[in-house]
Amino acid sequence: MKTFSWISSLTVVLASVLFAYFYTTNPAFELEHIKNIDIPASLDILRDNIKNYLNLTSATPSSDISSPPPTTTTTVITPAQLATMSRITLPRRILKTLLAKQQSEGAGATVRRSIGTPSLRSLNPFLMLDHFSVSPGAGFPDHPHRGQETITYLLTGGMDHEDFAGNRGTLNPGDLQFMTAGKGIMHAEMPRQNPDGSPNIGLQLWVDLPKELKYCEPRYRDLKAEEIPTVITEDGKVKIKVISGKSYGVESLKDLAYTPVVFYDVEVQPGGKIEQEVPQGWQGFAYILEGADVTFSDGPQEEKKVSQWHNVVFGNGKEEDGVVARVEETETKPGRFVLVAGQMMDQPVVQYGPFVLNSQEEVYQAFVDYQSHTNGFERAKGWRSEIGKSMVH
């Protein structure tokens, strides 16, 4: 992190003290400040999400949002229905593919990181993608966040969660958690101890928040496996879990995160093919989870075969309308990947560890706030998670 002069440091500290005083004496300051910001109409869904946040904050100050009751649905698409659906006329071009190399993270955990590395620092609006494996005795003990959203998708095992606001929960296989850190959260994510000693495996994606929501109230949105609609082609060649977005006419639940994102878990059998629309102008990628190599269209003429643990980064051309992928008939097992895209944001990104803001001064202030337990981190003082105590030696 850049070293600030003592004059700059004093200025930031004095500003934080004044802000803390003003916020304490006028708790509506943050909301009024956001309401006075002119949100361009070009931001589309993002603008609506910011307005929804303002309405939510005015009506319910709680930081925890409960899940609706499960609504399991599986839709089978017939060949006749497929024939009437719009086809991808100009597939996304592939900008690059990169291998997610294994590395240590947290306390004893390992991850394969494909976004947030020297090869790909970020992918607007995405900041990091980890394919994690956490064995018994390892995990992610107490740590803070500010200024981003995280999407955690558990593939196998179980993960417990606990934060300094008293929120607790467990993710089981197929479950997701959408967490908005906003102005500040401190939490722990620890694995369940599986009877057979197997690791807990999943994905965690960090997504940037628009500057208007960097200091919103933190919140959670759990999405259970049984709430996720599934699309299956009649021949059984393609199966899509519609986590967020719309696929073959089937829509997901709404309002999972403030930053607009589409998220699909796709399994393609040998000889199968998927054509998935992606909002024009949104940045997208596909990460190969397991199984056979997947062949992606690279524009209208070319193709590229991609193997497990690789991330495929697509172009965001405004005329390109989707992603086309297939698994060759000669393969002996299906290929499974996640396809994700998000609405890009026109703002600077300054990140230091778990703090993601828009300037170096804001990052420095985040450290001041965290260490002084102010401006969103008040409840961090003296807090220790129960689930993280197993990591204390």
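Select W309 to start: W309 sits in the loop between β23 (302-306) and β24 (310-314). Strands here are DSSP runs of E with at least two residues, helices are runs of H or I with at least four, and both are numbered from the N terminus. Phi of W309 is near 70°, a positive value in a residue other than glycine. At 29% relative accessibility, W309 counts as partly exposed. The cut-offs are under 20% relative accessible area for buried and over 50% for exposed, with partly exposed in between (1.4 Å probe, protein chains only).

The model is predicted: local features need pLDDT of at least 70 and side-chain atom pairs count only at pLDDT 80 or more, while totals for chains, interfaces and linings use all residues. Residues are numbered from 1 along each chain as its sequence is written, and side-chain values use heavy atoms, with hydrogens and water left out.

**Whole chain**

Colour the protein chain by secondary structure: five helices and 28 strands appear. Of its 393 residues, 51% count as buried. Switch on the surface; the accessible area comes to about 18,000 Å², and 53% of that belongs to carbon and sulfur atoms. These areas come from the Shrake-Rupley method with a 1.4 Å probe, and for residues only the protein chains shown count as cover. Among contacts between residues at least 6 apart in sequence, 75% join residues at least 24 apart, a contact being heavy atoms within 4.5 Å.

**The eight-stranded sheet**

Next select β2, β15, β16, β19, β26, β21, β24 and β3. In the order β2-β15-β16-β19-β26-β21-β24-β3, these eight strands form an open sheet with mixed pairing. The edges are β2 (74-77) and β3 (94-99); each has a single partner strand, so one side of each is left without a neighbour in the sheet. From one strand to the next, the twist averages 20°. Two strands pair if DSSP finds at least two bridges between them. Angles run from 0 to 180 degrees between N-to-C directions, and the axes are lines fitted to C-alpha atoms, for helices over the stretch in contact.

Keep β26 (residues 335-342) on screen and add β21 (residues 283-291): the two pair in the antiparallel sense over eight bridges. Y287 stands opposite V338 in β26, and the bridge partner of Q283 in β26 is G342. Now add β19, which is joined to β26 by eight bridges and runs antiparallel to it. Look there for V262, opposite A341 in β26.

What covers β26? Eight of the eight residues of β26 are buried, so this strand is largely enclosed by the rest of the structure. In a regular strand the side chains alternate between the two faces of the sheet. Show G335, F337, L339 and A341 on one side of β26, then R336, V338, V340 and G342 on the other; all are buried, and both faces are covered.

**The largest pocket**

Display the largest pocket, which holds about 910 Å³ of space. Of the 43 residues that line it, G245, K246, S247, Y264 and Q276 are the closest to its centre. A pocket is an open set of points on a 1 Å grid over the protein atoms alone, with protein on both sides within 12 Å along at least five of seven lines; a cavity is a set where a 1.4 Å probe fits but cannot get out, and lining residues have an atom within 4 Å of a point. Grid points are joined across faces, edges and corners, and the volume is the space filled by probe spheres set on the points.

Colour the lining by element. At least two residues each come from α3 (45-59), α4 (79-84), β16 (238-244), β17 (246-247), β19 (261-268) and β20 (273-277). The largest share, five residues, is from β20.

Move on to Y248, in the loop between β17 and β18 (250-251). Phi of Y248 is near 50°, a positive value in a residue other than glycine. Y248 counts as buried, at 17% relative accessibility.

**The four-stranded sheet**

Select β7, β12, β9 and β10, an open sheet of four strands in the order β7-β12-β9-β10 with antiparallel pairing. Both β7 (140-145) and β10 (168-171) stand at the edges with a single partner strand each, so one side of each is left without a neighbour in the sheet. Within it, β9 (residues 159-163) and β12 (residues 185-191) pair in the antiparallel sense over five bridges. The bridge partner of E162 in β12 is A188.

**Last stop**

Finish at P125, in the loop between β5 (109-115) and β6 (126-134). The peptide bond from N124 to P125 is cis, with omega near 10°.
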